[in-house]
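Biologist: I have the sequence and the model open side by side, and I'd like you to walk me through one part of it slowly. Keep it informal, please.

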Amino acid sequence: MDWLEDLAQDNGTPSFDVPFELIDLQKFDYALEGVPFQQLIRMPSAIYASSSSTVEATAYLALEDFLHASASGLWEAFWGAENDLMPFYISSLYDRNLRFYQAEQAIAKGKLDGLCASAIMLKNPRHPQGKWDDIIAFALLRPDIGGLTSADEDPKPSTSILGEALFFALRVLLARSISRSNIPLSLNSVFVLLVDSQYGGVVKIEGDLSKLEFDLNNVYESAAAWIKNHSQIAISPVDRIWNKLGNANWGDIGALQVLYATFHSISQYAGTPKNTIEDLAADHSSRLQARRIERQLEDNTRVNGNGLFRFQHRTASPEIVEVQEESIKVDSRKSLKLEAGSILMIDDATWQKGYQIDEVLNDGEILFYIASSLEDPGKSLFLYVGSHPSQLEPAWQDMNLWYHVQRQTKVLSVMKQKGISSKYIPELSASGRVVHPGHCRKPSTGGNCDHPWCGTPVLVTTPVGQTVADMVREGRFGPDEAIRCCHDCLSALSASASFGIRHGDIRPENVICVKSGMGRPYYVLIGWGHAILEERDRPALNLHFSSTAALQEGKLCSASDAESLVYMLYFCSGVDFPVLDSVEGALQWRETSWSRRLIQQKLGDISAVVKAFADYVDSLCGTPYPVVYEIWLRRLKKQISEEGSGKEVETTSS
C-alpha cells in the first residue's frame, strides 16, 4: 500500500471522508435512548499488557459479546419483534485456514494464536460454519488502534491497520460478487470495525468490482490498484468504546459509530427497518415531556426537543430584563406563512395538487388550516403543514408538528392499508411535500435543495368540523352532544382496536363535530399522531386526560382510551379543571375521584348509560381485559334513538 504510505508522509495520516456526520449520530443517539444494550463479558483493560493468553482469549470473547449485544439490540429495536429470531450470529476468523469458528470453540481447540478477526454473519443453514459472503460486518481486534488519540485531535488508525482492513473488505466484496446465494445488488459496500481494548473506529469501503483488473501473477497489486482508483473510502475518527472496567459506553461517540455502522450493515440484508430512526428518535420528545412533568417544569419553562430550556422572565426587579415572546426573532425565510387566500401546491412524486387556504386555525399547540382543493372547491379539508426538515433534524424543534403531520400520515396510511374504514375516523385525503416557487435543485441522490420550503411535509385529511374544546368554550356541548360524542368516539375506538391500534391522545382538541347536510351532526376522533401501532410506541402524556396506565408506566392498557374518553366527557360537562402540576398529583386526583365516585356522579347528570359506562371503565382499569364496545354502542344508540327523532345511528366500522 505504497500510496497510503505516500499520503501519510505528505499529510501525517491519509485524508478521507468520514462515514457519518455528527448530526446523524445525534439523531441515532436519540433513537437508541430506549434500546437496552448489555455486554456481559467485560473487555480486558489492556489486551497485550500481559503475555497471558487468558487476557487475549477474554478480549475475543468480549468482542464477540459486544458484537452480539449490538446486533441483537438493533435487530429487536428496528426490525424484529419479540418472537422474531435474529438471523445473524457472531464468529471469528482463523488465519491458518481462513475458516470461521466461534471464539469459545477456537480457544478450546487451541487456535487462539491464529484468531485475526471477528464478524457479524448471516445464518446459513447450508453452511452453518459460515462463508465469506455471509459476512455482514467485519471487526479487527488490534492492540494499537487508540495509539494516536492523545496526540491527534482527529485521530485515525495507522496506515498498516488501515491497509489490512481494506484488503479484508475487498475479500468480502469479491466473495459477494461470485456468491451463488441471493445477495442483494446493493451490497457493494463493507464496514470494517477497528477496535482495541478501549478505542475503536469505522472504515467503510465501496466500489464497482467490474472495474477490478485481476492479475493472477500479481494479486495484491491488482487489489491495491482497484482500492486506489475505483473505490470510495471513509474513515471515522478513533474514539473510546470501553471504559477501564471493560464496560461499553453505548451512548458515546466511539460506540455510536460502531452501532451506526452495524445498523447500516444489517440494513443491506434486512432492508428498510420496520421502525425508522426518525420514529424511534421522536420518542425522545415524549420522554422529555414526562421528565419535565416529573420535575414539575411543565408551566415554568419552554423547551425544545434537545432538552435546551429557554427561560422567560416576565416581571421582576429592574435588574432583570423582561423578554417578550414577540421579541424572539425567527428567520422568516424558514417559516412557511399561509393565510386565507393562499394557494399551496403539494406533490408526492407521482402527482401534484393545489389547495386554497380558507381559514387559519389554532388548537393551542399548532397552526393548521381549513382548505379546499382547486379541483373540488366545494369540499372543505383539514390541512397540516409540518416543520421544514432543516429545522426538525438538527434541533428537534416543534415535535408537536412532527406528530400531527409525519407520524399521523404514517398511522392513517397503516389504517387505510389494513382496511379500517369508519365515518368516525378521519380519512387521509393527500400527503406529500410543498412545491416551492422557482426551480428545485434537489440533488438526484435525494434530500432537499437550498430553498427554505423544499421538503416541507403536508397532510390533508377529511372531514372538517369544530373541536369539542371550542364547543365547550361556546357553551354548546350539552348532555345530548355528550351522549352522541361518547357513542361516536367509542365507534372509532372499536374500529381501530379490532386491528390492534389505540389512539393514545384523546382530549377535547382531538374530537370534532361534523355537520353533514340535513343529517344529524356526528363526531370524529382526530389527532392520531400518537397512536399505538405496536408495543414500543408511547402515548402522549396529559395530566388531565391521560389514563392511569399512561401516567404510571408510559404505556396503554386495553381500557386506556376508554378511560381518557371518560375524563374528557367529565371535564367537558362543566366542572372546573383541577390544578395538576405533577404526575403524582394527577394520579392522586384520579384515585380520589374514582373512589369517591365524583366522576360517575357527574356523568350521571348526562345519562344513566354514560354513568354506567364510567363504572364499567373503572372496573377494567389496570386489568388486561378488553373493552366490549358492542354492548355500550347498542345501549348508547338506543338512548340516542329514544331521545331523538328515531333515526338509526351507525355503529359499525364500515
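To start with the whole chain, what percentage of the contacts with a separation of 6 or more is accounted for by residues 24 or more positions apart? After that, please zoom in on helix 14 and helix 15: at what angle do their axes cross, and which residues make the contact?

Modeller: Happy to. Keep in mind throughout that this is a predicted model. Your opening question first: in the protein chain, 64% of the contacts with a separation of 6 or more come from residues 24 or more positions apart. As for the rest of the big picture, the chain has 654 residues, 51% of which count as buried. Its secondary structure adds up to 18 helices and 19 strands.

Now for the part you asked about. Helix 14 covers residues 560-571 and helix 15 covers residues 583-595. Their axes come within 14 Å and cross at roughly 80°. An angle from 65 to 115 degrees counts as roughly perpendicular, so that is the label for helix 14 and helix 15. On the helix 14 side, the contact is made by Glu-563, Val-566, Tyr-567, Tyr-570 and Phe-571. Helix 15 answers with Trp-589, Arg-590 and Trp-594. Sort the residues of this contact by class and you get six nonpolar and two charged, with no polar residue in the set.

Let's stay on helix 15 and pick out Ser-593, which sits in that helix. Is Ser-593 buried or exposed? The cut-off for buried is under 20% relative accessible area, and Ser-593 has 3%, so it is buried. The side chain of Ser-593 reaches back to the backbone oxygen of Trp-589, at 2.8 Å. You have met Trp-589 already, as one of the helix 15 residues in the contact with helix 14. Looking the other way along the chain, and leaving aside residues up to four places away in sequence, Ser-593 touches Leu-598, Ile-599 and Gln-600.

To get from helix 15 to those partners you pass Arg-597, in the loop between helix 15 and helix 16 (598-604). Check its backbone while you are there: phi of Arg-597 is near 60°, a positive value in a residue other than glycine. Arg-597 is partly exposed, with a relative accessible area of 34%.

If you like that backbone detail, the model has another case in Leu-98, where phi is near 55°, again positive in a residue other than glycine. Leu-98 is in the loop between strand 1 (88-94) and strand 2 (99-101). With a relative accessible area of 32%, Leu-98 is partly exposed. That loop is also a good place to look at charges. Arg-96 forms a salt bridge with Asp-95, and the closest N and O atoms are 3.5 Å apart. Arg-96 is exposed, at 58% relative accessible area, while Asp-95 is partly exposed, at 38%.

A quick word on the principle: side chains of opposite charge can pair when their charged atoms come close. A search of the whole structure finds twelve salt bridges. Among them is the one where the side chains of Glu-474 and Arg-476 meet, at 3.0 Å from N to O. Glu-474 is partly exposed, with 48% relative accessible area, and Arg-476 counts as partly exposed as well, at 34%.

Then try Glu-509, which forms a salt bridge with Arg-507, the closest N and O atoms being 3.4 Å apart. Arg-507 counts as buried, at 7% relative accessibility, whereas Glu-509 is partly exposed, at 22%. Bring in Asp-505 too: Asp-505, Arg-507 and Glu-509 are linked in a network of salt bridges.

Two last stops. The peptide bond from Thr-462 to Pro-463 is cis, with omega near 5°. You will find Pro-463 in the loop between strand 16 (457-462) and strand 17 (466-467). Finally, go to Glu-553 in helix 13 (residues 548-553). Glu-553 counts as exposed, at 56% relative accessibility. Glu-553 and Arg-538 are 15 residues apart in sequence, and their C-alpha atoms are 9.7 Å apart in space.

Notes: Residues numbered from 1 in each chain as written. Predicted model: local features only at pLDDT ≥ 70, side-chain atom pairs only at ≥ 80, totals over all residues. Heavy atoms only, no water. Axes fitted to C-alpha atoms, helices over the stretch in contact; angles between N-to-C directions. Helix = DSSP H or I, 4+ residues; strand = E, 2+ residues; numbered from the N terminus. Parallel < 35°, antiparallel > 145°, perpendicular 65-115°, else oblique. Contact = heavy atoms within 4.5 Å. Nonpolar A, V, L, I, M, F, W, Y, C, P; charged D, E, K, R; others polar. Buried < 20%, exposed > 50% of the residue type's maximum accessible area, 1.4 Å probe, protein only. Polar contact = N/O pair within 3.5 Å; in protein donor to acceptor, adjacent residues only side chain to side chain. Salt bridge = Lys/Arg side-chain N within 4 Å of Asp/Glu carboxyl O.
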